[in-house]
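Dear colleague,

I am handing over the structure below, and I would be grateful if you could read my notes alongside it. They follow directly after it.

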Amino acid sequence: MTLAEFLAWEERQELRYEFDGFAPVAMTGGTAAHDRITFNLRKVLDAWLTGKPCQPWGPNMKIIVDGHARYPDAFVVCQPVPLTATIADNPVAVFEVVSEGSTSTDLIDKNQEYRATPSIQRYVILQQTRVAAVVFARRGQDWLSEIVAGPDKILQLPEIDIELPLAEVYANVVVEEKPPATTE
């Protein structure tokens with residue numbers, strides 16, 4: 001199946017599907033933690049971006065990345081998106097909340113697709129079981145990664161000119177925090 005065939009096919013479906021470059025992949029339901037984190041993330045992004053040129057979208061809008069159709073949990077676009085659009089062009093920052101079943105896809109497959117998309121400057125993978133994120137940031141031709149962990153940490157998003165406190169993203173989500181590692 002081609003991307004164009006998928007997009008035409010998907011318009012006739014009741015459920016949402018991503019396109020992995022070969023075939024449709026059904027979007028399945030998530031956990032309560034996943035739902036709360038994605039809800040908080042979109043709410044916090046919307047609040048911090050109010051009055052700025054960039055706007056958050058997801059998870060019902062799709063993006064096309066490296067010939068694949070994806071529905072990120074959240075993403076930010078810094079250009080107008082028509083209200084009738086089902087696809088948003090030129091995402092700048094993309095966010096996924098990882099689950100046990102999506103780790104490989106989010107960390108490897110989507111990571112490669114997002115890196116191959118010139119407009120994407122930052123890819124953030126949020127954890128469900130810890131207040132933590134793995135952040136990938138474009139620096140010229142290279143990508144740097146960092147781990148931001150702990151409820152007192154701030155997620156720096158200079159591409160969209162905001163800073164998100166992880167405490168706000170994980171509000172009302174009970175997770176077990178591991179104590180810091182010690183070296184003895």
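D66 is partly exposed, with a relative accessible area of 46%, where partly exposed covers the range between buried, under 20% relative accessible area, and exposed, over 50% (1.4 Å probe, protein chains only). The residue lies in the loop between β4 and β5 (68–70), with helices (H or I, at least four residues) and strands (E, at least two) taken as DSSP runs and numbered from the N terminus. Its phi is near 50 degrees, a positive value in a residue other than glycine.

This is a predicted model, in which local features need pLDDT of at least 70 and side-chain atom pairs count only at pLDDT 80 or more, while totals for chains, interfaces and linings use all residues. Residues are numbered from 1 along each chain as its sequence is written, and side-chain values use heavy atoms, with hydrogens and water left out.

A positive phi, near 55 degrees, is also found at N90, again a residue other than glycine. N90 sits in the loop between β6 and β7 and is partly exposed, its relative accessible area being 40%. Another backbone feature to check is the peptide bond from G58 to P59, which is cis, with omega near -5 degrees; P59 belongs to the loop between β3 (55–57) and β4 (63–65).

Turning to the interior, the largest nonpolar core (a set of buried Ala, Val, Leu, Ile, Met, Phe, Trp, Tyr and Cys residues joined through side-chain atoms within 4.5 Å) has 28 residues, and those with the most contacts inside it are L45, F95, L126, L155, L157 and I160. Among the elements that give two or more residues to this core are α2 (32–49), β7 (91–97), β8 (122–126) and β11 (154–157), and α2 gives the most, with five residues. Leaving aside residues up to four places away in sequence, L126 touches I37, L41, E96, V97, V98, A132, A133, L166, V169 and Y170, contact meaning heavy atoms within 4.5 Å. A second, separate core of 15 residues includes A88, V94, V98 and I125.

Finally, W143 is found in strand β10 (residues 142–149) and counts as buried because its relative accessibility is 15%. Not counting residues up to four places away in sequence, W143 touches Y114, R115, I120, Q121, R122, Y123, F136, A137 and R138. The C-alpha atoms of W143 and P72, which are 71 residues apart along the chain, are separated by 20 Å.

With best regards
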